[in-house]
Amino acid sequence: MKIALPDETGALTDYTLTGTPVPEAKLPANPARVVYSAAHVVADPFTANAPSGVATVDWAATMRFRHHLHGMGLGIAEAMDTAQRGMGLDWGGALELIRRTRAELPDALVANGCGTDHLDLAKVDGLEDVKRAYLEQLHAIQSLDARVILMASRALAKVATGPDDYVKVYADILSDCDHPVILHWLGDMFDPQLAGYWGADTFEQALETVVQIIEQNAAKVDGIKISLLDKHKEIALRRRLPEGVRMYTGDDFNYPELIEGDEQGFSHALLGIFDPLGPAAAHAVDLLGQGDAQGFRAVLDPTVPLARLIFRAPTQYYKTGVVFLAWLNGFQDHFVMLNGAQAMRPLPYFTDVFRHADACGLLRDPDRAVGRMKRLLAVYGC
């Protein structure tokens, strides 16, 4: 099967598809690693709302995708960055998403983003504002008997004066958590407004603050997701965690080796890239559970170039690649995103994502993917 793809000058060259779709797999009830896919949302393409206004979500298509993830035995990290939280999806929309997932998939492994994104940053005066905002979202989520991921807060980054402020706020919030939660250390490559988080200028300073928070509140911490795209930093924190506290890799560049681990430990997974890579993730971790580490790496290693492409700088626009692949693979009927984010990557990005997805077997119906790619190319005059 062939398709003519343009280069950066517009010249067309035939590309022959070679990939074999990844086989279907389902993780067992107790997999070798806990695996969460941070899931995207599907926009309603027919809304009259402006892209910069209130988000309009296609709830039916959004929930079908969550059923798809759950069907593979994957956990769902809900209402997180991958769902365009803070980049199109506001707190009201996030809470509705959390409510629907809880209602439709009551037996699924789901952790839900809890933050302070409903605050007007211009009106935040101090730590008490941040604490009240966190607690408002926390209590709303817990009222649904739903589990929590404690997200990083732009408001806290704005008003905190040093590490002690982070230690205090996190201790206060964690004391109100009715179940152990997942903390999220999100790097400023994903959100520039989080620069200097944990009240530190260096990773080494931030590490000490994070370890202090976890050690002082270990009974309330299930684990921590670290999203710094640096395997050495993740491993450094992983080796400092108290017994029973999990590391969840958020490293969309180095996930195979971090999940496999080393003689001193391994990481579980909570990854945005496991939205489009769901079938490969389920198949690979299933092999790992069977003792086939070589097979695990053989499935996941070829996906790394695709992940690095999707998450290339500006990293916060990785959602565009995620939704593009969901469209190519038939999980939604259009390539329209909240906040008009489908426009945040250039055409060569999409052609490269198409090639890489084919190469690692992530186009589940190549005929459909080719047809949809041709429709996108037509928009660009190809």
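**Notebook: salt bridges and the largest cavity**

I looked first at helix 5 (residues 163-174), where Lys-168 and Asp-172 both lie, 4 residues apart, about one turn of the helix; helices here are DSSP runs of H or I of at least four residues, and strands are runs of E of at least two, numbered from the N terminus. This is a predicted model, in which local features need pLDDT of at least 70 and side-chain atom pairs count only at pLDDT 80 or more, while totals for chains, interfaces and linings use all residues. Residues are numbered from 1 along each chain as its sequence is written, and side-chain values use heavy atoms, with hydrogens and water left out.

I found that Lys-168 forms a salt bridge with Asp-172, with 3.0 Å between the closest N and O atoms (a side-chain nitrogen of Lys or Arg within 4 Å of a carboxyl oxygen of Asp or Glu). Searching the whole structure, I noted 20 salt bridges.

I then turned to Arg-85 and Asp-117, whose side chains meet in a salt bridge at 2.7 Å, N to O. This pair links distant parts of the chain, 32 residues apart, with Arg-85 in the loop between strand 4 (75-78) and helix 2 (91-104) and Asp-117 in the loop between strand 5 (110-114) and helix 3 (127-142).

I also recorded that Glu-96, Arg-99 and Arg-100 are linked in a network of salt bridges.

Last, I checked the lining of the largest cavity, whose residues divide into 8 nonpolar, 5 polar and 3 charged; Ala, Val, Leu, Ile, Met, Phe, Trp, Tyr, Cys and Pro count as nonpolar, Asp, Glu, Lys and Arg as charged, and the others, Gly among them, as polar. A cavity is a set of points on a 1 Å grid over the protein atoms alone where a 1.4 Å probe fits but cannot get out, and lining residues have an atom within 4 Å of a point.
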